[in-house]
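Please work through the exercises below with the sequence and the 3D structure open beside you. Try each task before reading its solution.

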Number of protein chains: 2
Amino acid sequence: MSVVFARGFKANGLACGIKENGDLDLSVVISADGKPVPCVATFTTNRSAAAPVQVSKDHLAKSNNLMVGWILSSGNANAATGKKGVQAATSMCDALGSELGVDGHYVGVCSTGLIGIDLPVEKPLAKIAELVQGAGEEPRHGDIAAEAIRTTDTFSKFATYEGSGYRIGAMAKGAAMIAPNMATMLAVITTDATLSQEELYDALKEAVDESFNLVTIDGCTSTNDTVVLMSSGLCQADEHFRNGLKAVCKSLADQIALDAEGATKLVRVSVKGAVSYSEALMGARKVAESQLVKCSFYGEDPYWGRVASELGSAGIEFDLERLSVSYQGVVVAAGGVAVDFDSKELALLMREREIEVVADLSLGSYEATITTTDLGPGYIEENKGTS
Amino acid sequence: MSVVFARGFKANGLACGIKENGDLDLSVVISADGKPVPCVATFTTNRSAAAPVQVSKDHLAKSNNLMVGWILSSGNANAATGKKGVQAATSMCDALGSELGVDGHYVGVCSTGLIGIDLPVEKPLAKIAELVQGAGEEPRHGDIAAEAIRTTDTFSKFATYEGSGYRIGAMAKGAAMIAPNMATMLAVITTDATLSQEELYDALKEAVDESFNLVTIDGCTSTNDTVVLMSSGLCQADEHFRNGLKAVCKSLADQIALDAEGATKLVRVSVKGAVSYSEALMGARKVAESQLVKCSFYGEDPYWGRVASELGSAGIEFDLERLSVSYQGVVVAAGGVAVDFDSKELALLMREREIEVVADLSLGSYEATITTTDLGPGYIEENKGTS
């Protein structure tokens, strides 16, 4: 389903040979009539931004945010590949544009995979005609497109929202190098709701800030993160569009966290009672990115002392004597010291797949939540080599 | 040897029962004649600073940096223990002071171990008389004191320096919650060189900044970090004192990194060619604290793409096209792209215990080096439970 749920879009996916094992590795999402449509995107803030990010930004600027579609490859990030990388990304856009009868700057490109290795661009180029010819609006076309952007993802990720007449559909990938600073993964979202480029961008920015940017797996901001939103404009939008878009982005963000490399837990870290939202966020992020705290999640151990220590070094206003901490709703510390609780009951609750930790600073009225995972041997196994 | 290498100090260690397995857990370092001597210290910047840190700061202020000695316990950090914790730390100082015939505020206290659990203070209190009576100036007294401050340390850490007549001796502990922000571990350094409190403090501050503060294991700043420097003033100092002190601190810092929980590699991450020292340091720290980069070290994989990605998101001036990266002296990337190298030769070099990574930004003339470790399953095994 994914990106073809909204009317007016075609998609497809196939194996072009970037992945040596023959897995699917090339996707396309295009407007159904082959004409450019309003399109906005947000990108990684990493200064090592990959060639596809550089080229796509340039194309969005040249086309005044009108795009006919996006070409996405997996298995090689085309990052840290210099001028050759930029040429490769540009040639992929040119090839898709040529196939659809438009200039290459009406096309965007995303790549994900290994960094620092030249993309064998002749492989995707040789398959673009076949990819476009096979593209369609059936659910299976959306499914195969979502499938072909996976790298170490164990399942393909998509989300849909049905409004009053209009629809939003989306696909995403992401399993590591996940940290909140823009998107830290790839996502393509389509809608048939009619909105201006400004409205689309505002809605996307807000949705990304409240979803992908509140997930951190390892504190590493990828070189290739891109979230794209295209609108075919075939239906009327209404005042619920922004919330629908947020729901879609939140669903994708949760799926990415759930599928994080080697993780066994999805953890919501909330900091309450902060003096400002930004301090609540800094505190929650410091706790959520702490290797020691994440090891405790893996061990299902409500070791709140590590949470207190991270909050104390988060650079925010903090008074240990006011701190209370709960795991799964069970208060384990209050007034900065341990309190009695039913440890057997909590041990059972800590076995759940999803863990909720709440630290109340009791200093103000602001609250923020970051979604993260545990840190276990699976993450190391997955990442000890080039992947 | 350790803290009794310098003349004018006694030390001792014993098991008082904080550690339930009966291991050594209580140490003392005191001036040999039982009179207060010049003493300076640096402490954690964590706002969850533990009770012993709060009490020791207060005592140094009250005594105008004159101390008769320090009492150190291991197994329980006396952190996040509220007013009871402060009372416990104070009573340990009072007991040692009383034993030596001085006010409690001439005594400092350090604790290390579990956070958020009340210290069973009656146990150290019951043993302080025995601890002082057994204290001496023999090498074995220094050895047992260094032994008794260990927690998950697999070996005890000490360093000595012999100047022109004067000496410096030191012991330290530390194996996790190691991040550069003050000291992130416990160390007691003694010297018989005569210096004013101001000279001692300046020398200590500089030595700590250039040693302990350049080590990061997990980015976690402990609640209890303390580095103490006491001078008996029995000998003349000379102009080499500061360098001697630095050498002692660097040796202790390396020992801490080598003994980091579950680590298999000691890694020096250098960033060269930065526009300022602080940017070089920020870049090196971002790389050294990256979970993904550290997994590569564990896997002995020179995956420079992750280094480039971390530098690009470090918030420093950065131009990927100018970046070159080497592992063990072998250049793997130049001008922001991969270059050919002998991968078999480098694979052999990556097997060494100590790894050197140099990233040259080619933007300026500043350089900084951070010492860190790899991230492997051992770290997780050690930290998944309360430890």
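The exercises go from the chain as a whole to its sheets, then to single residues, and end with the pair of chains.

This is a predicted model, in which local features need pLDDT of at least 70, side-chain atom pairs count only at pLDDT 80 or more, and totals for chains, interfaces and linings use all residues. Residues are numbered from 1 along each chain as its sequence is written, chains are lettered from A and ligands numbered from 1 in the order in which they are written, and side-chain values use heavy atoms, with hydrogens and water left out.

**Exercise 1. Domains**

Task: Find the domains of chain A and state how many residues of each are in contact.

Solution: Begin with the domain assignment of chain A, which gives domain 1 (2-258) and domain 2 (266-383); such bounds come from an automatic or database domain assignment. Next, take the centres of the two domains of chain A over C-alpha atoms, which are separated by 34 Å. Finally, look for contacts (heavy atoms within 4.5 Å): 13 residues of domain 1 of chain A meet 17 residues of domain 2 of chain A.

**Exercise 2. The four-stranded sheet**

Task: Give the strand order of the open sheet of four strands in chain A, and say which strands stand at its edges.

Solution: Helices (H or I, at least four residues) and strands (E, at least two) are DSSP runs, numbered from the N terminus, and two strands pair if DSSP finds at least two bridges between them. The order in chain A is β1-β2-β5-β6, with mixed pairing. At the edges stand β1 (9-14) and β6 (107-114) of chain A, each with a single partner strand, so one side of each has no neighbour in the sheet. Inside the sheet, β2 (residues 26-31) and β5 (residues 69-76) of chain A are joined in the antiparallel sense by five bridges, and Leu26(A) has Ser73(A) as its bridge partner in β5(A). For the helices, angles run from 0 to 180 degrees between N-to-C directions, with axes fitted to C-alpha atoms, for helices over the stretch in contact. Helix α2 (residues 82-100) of chain A lies across β2, β5 and β6 of chain A at about 135 degrees to β6(A), while helix α4 (residues 139-147) of chain A lies across β1 and β2 of chain A at about 50 degrees to β1(A).

**Exercise 3. The six-stranded sheet**

Task: Place strand β11 of chain A in its sheet, and explain why it is largely enclosed.

Solution: The open sheet of six strands in chain A has the order β14-β13-β12-β15-β11-β16, and its pairing is mixed. Its edges are β14 (337-338) and β16 of chain A, each with a single partner strand, so one side of each is left without a neighbour in the sheet. On this sheet packs helix α6 (residues 241-258) of chain A, which touches β11 and β16 of chain A and makes about 120 degrees with the direction of β11(A). Now follow the two partners: seven bridges join β11(A) to β15 (residues 354-360) of chain A, the two running parallel, and seven bridges join β11(A) to β16 (residues 366-373) of chain A, the two running antiparallel. Ser270(A) has Val358(A) as its bridge partner in β15(A), and Leu266(A) stands opposite Thr373(A) in β16(A). Eight of the nine residues of β11(A) (residues 266-274) are buried, so the strand is largely enclosed by the rest of the structure; buried means under 20% relative accessible area, exposed over 50%, and partly exposed in between (1.4 Å probe, protein chains only).

**Exercise 4. Two residues**

Task: Decide whether Ala368(A) and Asp374(A) are buried or exposed, and list what each touches.

Solution: Ala368(A) is found in β16 of chain A and, at 3% relative accessibility, counts as buried. Not counting residues up to four places away in sequence, Ala368(A) touches Val269(A), Ser270(A), Val271(A), Tyr277(A), Ala280(A), Leu281(A) and Ala284(A). The C-alpha atoms of Ala368(A) and Ser270(A) are separated by 5.6 Å, although these residues are 98 residues apart along the chain. Asp374(A), in the loop between β16 and α11 (377-383) of chain A, is buried with a relative accessible area of 3%. With the same sequence neighbours left out, Asp374(A) touches Ala263(A), Thr264(A), Lys265(A), Val267(A), Lys294(A), Phe297(A) and Tyr298(A).

**Exercise 5. The two copies**

Task: State which rotation superposes chain A on chain B.

Solution: Copies are superposed by least squares on the C-alpha atoms of residues with pLDDT of at least 70 in both. A rotation of 180 degrees, with 0.0 Å of shift along its axis, brings chain A onto chain B (RMSD 0.0 Å). The two copies are thus related as by a two-fold rotation axis. In chain A, the C-alpha nearest the axis belongs to Pro377(A), 2.6 Å from it.
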